[in-house]
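Work through the exercises below with the sequence and the model open side by side. Try each task before reading its solution.

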Amino acid sequence: MGLALALAAAIAPQAFSADPLFNFTFDDADAFNSNFTVKNNNVDDYTWKYNYYGSTYNYAQCYYWNANNTYDDYMTTVNAYSLQPGKAYRLRYQAWHDQSSASVPGKMVIAIGTGDDVLAYTTIEDLQNLEYINKYNGVQGKWYDTYFTVPEAGDYRFTFHAVDGAGASIDNITLQEYGSPACPAAVEAVTVTPGENFARTATVSFTLPSKTITGGDLTSVTKVEIMRNGTLATTLTSGLTPGSEQMWNDANAGTGTITYAVKVFSGDLESELTEGSAYVGPLTPKPVTALGVTSDNDRDFTISWTAPTKSTNDMALDASLLKYNVYRVVGENAEKIADAITETTATDVFAPATATTFSYKVEAVYGTEVSEAVASEEFSVGPNSLPLAASFRGAKMDAGWKSEKISGSYNWETTSSSSSPSASSQDGDGGLVYYKSYSAQSGQGARLISPEIKNEAGSNPAFSYYLYHYTSGKDQVLLEVQKDGGEWEEVPNTTNTVQGSPTGWTLYSYSLADAVAGSTSYRVALRTISAYGYNTVVDNIKIYNQLAHDAEVKSVSGPESIVAGNEATFTVALANNGSSAIAADDYQLLFTVGDRQVETPASVEIPVNATVNIEVPVLLTAADAAEEALEVKADAVYAADLDADNNSATTSILVTTSGNPAPLNLQGQANDAAITLTWECPVNSEGYVPTDFSENFETLDNWTIIDRDGDTSMAVRYGWKSTEWTIPDFGDNSYAPSTSDGNIVGVSLAKAGNSDDWLISPELQNPFDGAVYKVTFKALTMESYVKLSIKYSTTDAQPDSFTEAESVSLERANSSSDWKTFTATVPGSAKYIALHNCNLQWETNNFILIDKVQITSEMTVVNGYHVYEEGARLNGDMLTETSYVIPLTEARSGANERSFAVSAVYAEGESPLTDLVTVSIPTGLDNILSDMAGIRVLRGGISVPSFARVYGIGGTQVASGEGFISLSRGLYVVTLNGKAYKVMVK
């Protein structure tokens, strides 16, 4: 049967109001099989099929891995659909091919017919060049619309014929009745041209159709409707000849992405909409990129950048319309040095009389719109006054500092931390500078150069820096100066090598006075010379005016946290920046932790440009424990100091308690002679007997062995396997695992399912609730992910009575002698402890070997107690009794009530303090004596022959100890051997 068919293509698909005659979305294989039949016309192994790749990728495809295969395969609808003459129908679908390596384009022919012979169907669409897409990357196939009519009524089926080339794919097929075959076709394309000079206008251009949707000649166009962003903008009624080019100027387009949709009318018949879009109005350019500044002489600067290609809303920019503004920024002042230039470079001459830090910023101009400005790095020009510093914070070069290669391909670089050797920043600011001596050839090097410095009258310049020493590396670093822009000159006696002791950061300081004498200005450089050893790592550089007398507390460091009852050691780095040595008797180091002053070691002489490290041990007590860290402060008191602003440094330490319980039921009672404190021990260990059990498996007589899985073993390593825990017999295998003494015990993993093998200890004789058992053993396994479950029973040795304490992951051994040690914790109430092999089936031969099992009990024990009053410890040695007597000869004048707390001392440290107990004191006691009883007043404190406590006149204890007690000037009460004395420290 011959059919008169006509075709057309819609550019912009739109929903049609009529219900579809059919709609296939290929949701599942059953729908595909029930709605389509497949004919493999070339009788090969590949034809149309349903393709599923997740919910997003469900479609029909004709695919063969050989992309050049010749296809001849039909996919035909099972159902036939009643179609009528005189009506237009639209078949909508997505089509593509998905063989990226195809050399012949994908092809697909769509035909309809009323019989079963698909070879006799009539073609309604011939797609010769299906485009390639990768559906698995989320790309959608191209939409197609095929319009057609039928000459007579009938029940029609559709077939999709994959032909030649790459395999075809199709999805989302919809058939709809469209209406009259005389409906005008849609315009092929709508072009939107924005107005010139970024005006808010647009020109809409298109070509009227000359055909109907079914391919007939279009006799007339009566009107054209143009929609702007979904709203009718205008209606054209004149000059509408079919096939003619049309243009409409929109004077009120607005700003932004404007979408125009064009619809063509022929009488009452209308086409589909065709859309076109463009951005209309001003565009704000994106910022420039790759902004850089160069200068050979720190006077003439070249600023360059890369032009933006798109606007902030990703519209393409016309490069010929871009202009730029360039600013020099000094502080808050931005001076425009280039206005609306078209080049992507600018130059600037800037030579201030004094040191000035500045930067450049560039903004792009596009019509009336200006981009966000982009700022360059900061620079420093002009002679500087001292001091100067370079800390390389955040792994960035400090303003005004620069580097230059002398020879080779490597230069000084900034980084957050170095390797070879491994070092983090000395001053903790996340940056340092290094030269790759590790990679550079021997003799190569580079300079790290300071900004220009004024040589002012009366100045005494000095240079200091930190160098990271390593165990080896003959690579060198030395100082050079450049006077008034001349040649570089080496500063004598400033050479240091990477190799040095101690390893780590070391401070070096040198006078520059002689080296720069006679100059008006100068620069200083660190020059590195590679010995092909280890990297040269430097940080925290300072150039300063060296005073005659200047002590500096550079840092105080110590542990970040500690458990109360333990001693922390802090290190104070005390430097002599002056030009004269500081004698030991000329200064005093004061050290404060929280509110209390701590005795410090004897002072030592500090040579010129040297740093001494003074270690200060501090006992932190339960009275220091708090949720917040205590401030730790070091102060240098130096009468001759000419710079008092650098004489202090701080750190902090968090003091915690052991977590064990504090004493119980603290009580206090006073009479005319003394105060008596009593309390109770917080831990009851009565009846506790330690356990120390060990097993080297000479035999297994005392152990219980249970093989509950009953499965055969799959392990055959070293010629041995076992279905239950046993002592292995490796025979004469010299490569088998061994142990230094005794035997070993082992089990293989089950061949299928879960292993269920029990190795249960003898009964433990001294269980104690409140104690814990530490179970330690050595294990050997040759595979990863093997586990042992450590279990315990408080009743009997039956597997169902056990509870898991810990699951231990056994580390894979590197060799048959690589035994690993493991530890688990079990409640002290246990009577039996089991090693349970409960591993899943493994696909490789394996076993678990165990050696040297030890079970020891541990009990929290109170070692003693400390008594505190107002944060100060009253007792000297640790108390072992649960009471303490305070003679009232130690009463302070006017004190009617006193409050006390007690801590318990454990192996780990002190417990929290008890709640305070307040004791009322009988009145009339003021036993302050006038004789000194061996107390000596010294500069900065007192010396006492035995343990003493020191109170301020207000009654608050301020210090305690034996020997020298550091005190500031003032009047104090000192209690010694049960008596009180008035002392004046001057």
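The exercises cover cores, sheets, a buried residue, a cavity and a pocket.

The model is predicted, so local features need pLDDT of at least 70 and side-chain atom pairs count only at pLDDT 80 or more, while totals for chains, interfaces and linings use all residues. Residues are numbered from 1 along each chain as its sequence is written, and side-chain values use heavy atoms, with hydrogens and water left out.

**Exercise 1. Find the residues that touch the most other members of the largest nonpolar core.**

Step 1. A nonpolar core is a set of buried Ala, Val, Leu, Ile, Met, Phe, Trp, Tyr and Cys residues joined through side-chain atoms within 4.5 Å. Buried means under 20% relative accessible area, exposed over 50%, and partly exposed in between, with a 1.4 Å probe and protein chains only.

Step 2. The largest core has 35 residues, and Leu91, Phe158 and Phe160 touch the most other members.

Step 3. Apart from this core lies another of 31 residues, including Val598, Ile614, Val616 and Leu630.

Step 4. Next, list the contacts of Phe160 (heavy atoms within 4.5 Å). Neighbours within four places in sequence aside, its partners include Phe36, Trp48, Tyr74, Leu91, Met108 and Ile173. Asp73 is also one of the contacts of Phe160.

**Exercise 2. State the strand order of the five-strand open sheet and name its edge strands.**

Step 1. Strands are DSSP runs (E, at least two residues), numbered from the N terminus. Two strands pair if DSSP finds at least two bridges between them.

Step 2. The order is 56-58-63-60-61, with antiparallel pairing.

Step 3. Strand 56 (704–707) and strand 61 (803–810) are the edges, each pairing on one side only.

Step 4. Inside the sheet, strand 60 (residues 786–793) and strand 63 (residues 832–837) pair over five bridges. Tyr792 stands opposite Ile833 in strand 63.

**Exercise 3. Do the same for the open sheet of three strands.**

Step 1. Its order is 13-14-17, again with antiparallel pairing.

Step 2. The edges are strand 13 (190–194) and strand 17 (245–250).

Step 3. Five bridges join strand 13 to strand 14 (residues 202–207), and Val192 stands opposite Val204 in strand 14.

**Exercise 4. Does Leu388 count as buried or exposed?**

Step 1. Leu388 is found in strand 30 (residues 388–390).

Step 2. Leu388 counts as buried because its relative accessibility is 14%.

Step 3. Beyond its neighbours within four places in sequence, Leu388 is in contact with Pro451, Ile453, Ile541, Lys542 and Ile543.

**Exercise 5. Which residues line the second largest cavity, and which lie nearest the centre of the largest pocket?**

Step 1. On a 1 Å grid over the protein atoms alone, a cavity is a set of points where a 1.4 Å probe fits but cannot get out; a pocket is an open set with protein on both sides within 12 Å along at least five of seven lines; lining residues have an atom within 4 Å of a point. Grid points are joined across faces, edges and corners, and a volume is the space filled by probe spheres set on the points.

Step 2. There are two cavities of 30 Å³ or more. The second largest holds about 30 Å³ and is lined by Trp703, Ser761, Val775, Ile833, Leu835, Val853 and Ile855. Strand 63 and strand 64 (847–858) each give two or more residues to this lining.

Step 3. The largest pocket has a volume of about 950 Å³. Of its 33 lining residues, Arg596, Gln597, Leu619, Ala959 and Ser960 lie nearest its centre. Strand 73 supplies the largest share of that lining, nine residues.

Terms used. Contact = heavy atoms within 4.5 Å. Helix = DSSP H or I, 4+ residues; strand = E, 2+ residues; numbered from the N terminus.
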